Structures are given as structure tokens and as C-alpha cells.
Amino acid sequence: MKNNRRRWSSLSEFLEEIQNYNQIAGIAEIARRYFAMNAFDGVLTTIGVLAGNYLAGVRDLSIPIRIGIATSIAMGISGLWGAYLTETAERQRELTALEKISLIDQSETSIGRASRFAVIVVSIVDGLAPALAAIIVLIPLFLDNIIQNPILSYGLAGITALLSLFGLGLFLGKVSEKNLIGYGIKTMMAGLLAIAINFLIGAE
Amino acid sequence: MGNLRRIVLDVLKPLEPNIVDLVRKISTLNGVDGVNITIYEIDHHVENAKITVEGEQLSFQSITAVIEENGGAVHSIDEVAAGQRTVEEVETHQD
């Protein structure tokens with residue numbers, strides 16, 4: 001049943017269609033999971049970049065900024081590509097299983113469209129989450145002209161990273177509808193551990 | 001051609017979209033007065049549904065299009081009624 005006409009003529013119809021896709025393909029849930037997982041990766045990787053540069057004695061902040069941006073781009077592309085390929089494979093498998101049972105081509109049904117839409121949304125979330133998280137952590141380095149103290153900028157970036165992790169923990173706590181602060185502390189602990197190990201290994 | 005008043009279909013459909021969404025979509029079709037969907041078997045990915053549609057002027061094509069658009073497959077047409085009034089199935093001695 002090929003039908004490629006536009007299926008909505010107003011914003012409300014479009015939103016209704018999106019809601020329908022979300023219900024069919026469980027997009028919000030998986031996007032939420034990818035967002036938390038990859039933003040977490042983004043923050044911790046940037047902590048590594050910052051700690052490495054700080055311990056190597058780099059005080060010209062344009063260097064960690066360039067490395068940070070390059071890393072965030074790489075993480076973004078990695079997330080986008082990885083999620084696109086894995087989600088496409090997984091969802092195609094599910095669709096094929098459904099086609100075998102129902103004996104009809106599901107590719108042009110609302111299920112097939114929801115499946116393709118889910119792949120796009122999840123890939124974008126997976127790509128943007130680590131990149132944005134990394135850029136947020138780098139903000140104090142961008143403000144070097146105002147701060148005018150590289151060591152303070154490193155410190156503020158570290159605090160931003162820990163606060164981002166804490167915020168991510170609060171988000172996970174809200175998702176689980178359980179202990180918000182507990183989740184915040186758990187995620188922040190990962191950042192503290194990364195910093196501590198870097199300093200232990202890197203200390204001269 | 002006489003107007004269809006009742007169609008009863010045996011449909012195999014995926015669990016999502018669920019029957020609440022499906023019944024609403026069918027009910028908005030032109031000529032449809034009412035719809036009933038009853039699930040009589042549930043499997044891991046799919047469920048079997050009996051879909052009863054009644055109205056003054058039903059379009060069989062439109063109804064099956066909505067079902068197929070939502071991933072369902074019509075297995076059989078179990079009952080139909082057409083004409084100026086709906087004629088119920090009559091019990092005979094053989095039944």
C-alpha cells in the first residue's frame with residue numbers, strides 16, 4: 001500500500017501524528033535513555049580532555065577548546081552514526097518479524113513510518129546529547145577573556161561538569177520517580193572519580 | 001449497488017496502534033455510525049480482532065484501508081448486511 005501523500009494539513013494534525021508514532025514505536029522512552037547515556041559520556045569525556053590538558057601544563061586555553069570541540073564533533077558523529085545503524089537494524093528486525101506474522105508489507109503502514117521516524121529522532125538525540133554536553137562543560141573556557149585566569153577557567157569547567165552530571169542525575173531521578181538527589185550524587189560521583197584518577201595518575 | 005450497512009471482519013493486527021486508536025479512526029470515516037472491536041486472541045506481537053462496523057453507507061475500501069494503514073491484515077469477511085434495513089442472521093432448523 002504505497003501512499004506518499006502528506007498525511008497532515010495543520011500543526012495539530014502533525015503533532016497528533018508524532019504522538020501516534022511515539023505510541024507505536026516508544027520513541028520518547030528510548031530517546032530519553034540515549035540522551036542520558038550519551039550526555040553522561042559527553043561530560044565525562046570532556047572532563048578527561050580538561051584534566052589531561054591541565055595536568056600537561058597547558059595554560060593556553062585555545063588548545064583544550066579546540067580539542068574539546070573536535071572531541072564533541074567526533075562524539076556527535078559517533079552517536080549519530082552508531083544510533084542510526086543500530087536502531088535501523090533493530091527496528092528492521094522487529095518490522096520483519098511483524099511482517100512474517102501478519103503476512104503483509106508493513107513498510108508503508110503507520111508502523112513502518114513510526115519505525116523510520118524513531119530512527120531519525122533517536123539518531124539526532126544520540127548525536128546531539130554528547131556534543132551539547134561537551135560544549136556546556138567548555139563554556140568557562142570560552143569565557144577566558146572575562147575570567148582571565150586559565151587555572152580558574154579549568155576549575156570552573158570542572159565545576160560545570162560536576163553540576164551537569166548532577167543535573168543529569170536529577171533528570172534520571174525524575175524519570176525513575178525515585179530519589180532525585182540520590183541519582184544526582186551518583187552521577188556526580190562518576191565525575192569526581194574521573195577527576196581523582198586523572199590527578200592520581202597525572203600528578204608528578 | 002446497494003448500500004452496505006454492516007461489515008464484520010476478522011483481523012490480525014499488531015498490538016500497537018491499540019484498538020482504542022483504531023476504533024476511533026474507523027469511527028471517523030464517512031458513513032460510519034458505530035464501530036466495535038473485540039479482541040479474542042492475543043499473541044506476542046499481534047492480536048486477533050473482530051471488527052464490527054455499522055452505518056448507512058459504509059465504504060468497504062475505506063475501512064480496510066484504515067485497518068491496513070495501521071498494520072492490520074483482514075483475514076476474512078465474516079458478515080455483511082446491505083439494503084434499506086439491516087437483516088439479522090436467521091436461525092434455521094439446521095442450526
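This report walks through a predicted model with two chains, A and B.

## How sure is the model?

Since everything here is a prediction, let's start with the scores. The model comes with an ipTM of 0.75 and a pTM of 0.80. Chain B has a mean pLDDT of 92, and 100% of its residues reach 70 or more.

## Where the chains meet

The contact between the chains draws on 14 residues of chain A and 11 residues of chain B. On the chain B side, β1 (4-14) and α2 (60-69) each put in at least two residues. As for chemistry, that side of chain B splits into 5 nonpolar, 3 polar and 3 charged residues.

## The nonpolar cores

The largest nonpolar core has 44 residues, and V43(A), A118(A), V122(A) and V137(A) have the most contacts inside it. In chain A, α1 (11-25), α2 (27-55), α3 (62-102), α4 (110-142) and α6 (150-176) each supply at least two of this core's residues. The biggest giver is α4(A), with 15 residues. This fits a general pattern: in soluble globular proteins, nonpolar side chains tend to be buried together.

V43(A) is a handy spot to zoom in on. Setting aside neighbours within four places in sequence, V43(A) is in contact with A133(A), V137(A), A161(A), S164(A), L165(A) and G191(A). Apart from the largest core lies another one, of 16 residues, and among them are V11(B), A49(B), V53(B) and I63(B).

## Two helices of chain A

Take α1(A) to begin with. At 1.5 Å a residue, its 15 residues should span 21 Å, and the end C-alpha atoms are indeed 21 Å apart, so the two agree. Which residues of α1(A) are buried? They are N20(A), Y21(A), I24(A) and A25(A). Looking down the axis, the buried residues of α1(A) fall within an arc of 110°, so they line one face of the helix. The cover over those buried residues includes α2 and α4 of chain A. Turn to the face pointing away from the buried side of α1(A), and you find the exposed residues L11(A), S12(A), L15(A) and Q19(A).

After α1(A) comes G26(A), with a positive phi near 55°. Now for α2(A): this helix has 29 residues and reaches 41 Å from its first C-alpha to its last, close to the 42 Å expected at 1.5 Å a residue. α2(A) is followed by G57(A), whose phi is also positive, near 80°.

## A strand residue in chain B

I77(B) sits in strand β4 (residues 73-82) of chain B. Is I77(B) buried or exposed? It counts as exposed, because it has 12 C-beta neighbours inside 10 Å, and 12 or fewer is the cut-off for that label. Beyond its neighbours within four places in sequence, I77(B) is in contact with I7(B) and L9(B). I77(B) and V11(B) are 66 residues apart along the chain, yet their C-alpha atoms are separated by 9.0 Å.

## Backbone oddities

Most residues other than glycine have a negative phi, and most peptide bonds are trans. Here are some places that go the other way.

L103(A) is not a glycine, but its phi is positive, at about 60°. L103(A) belongs to the loop between α3 and α4 of chain A, and counts as exposed because it has 9 C-beta neighbours inside 10 Å. E177(A), also not a glycine, has a positive phi of about 55°. The place of E177(A) is the loop between α6 and α7 (180-202) of chain A, and with 7 other C-beta atoms within 10 Å, E177(A) is exposed.

Over in chain B, a cis peptide bond joins E16(B) and P17(B), with omega about -5°. P17(B) lies in the loop between β1 and α1 (19-27) of chain B.

How values were computed: Residues numbered from 1 in each chain as written. Chains lettered and ligands numbered in written order. Contact = placed C-beta atoms within 7 Å. Helix = DSSP H or I, 4+ residues; strand = E, 2+ residues; numbered from the N terminus. Nonpolar A, V, L, I, M, F, W, Y, C, P; charged D, E, K, R; others polar. Core = buried A, V, L, I, M, F, W, Y, C linked by C-beta atoms within 7 Å. Buried ≥ 20, exposed ≤ 12 C-beta atoms within 10 Å, placed from the backbone. Expected span 1.5 Å × (residues − 1). Arc of directions from axis to C-beta. pLDDT = per-residue confidence, 0-100.
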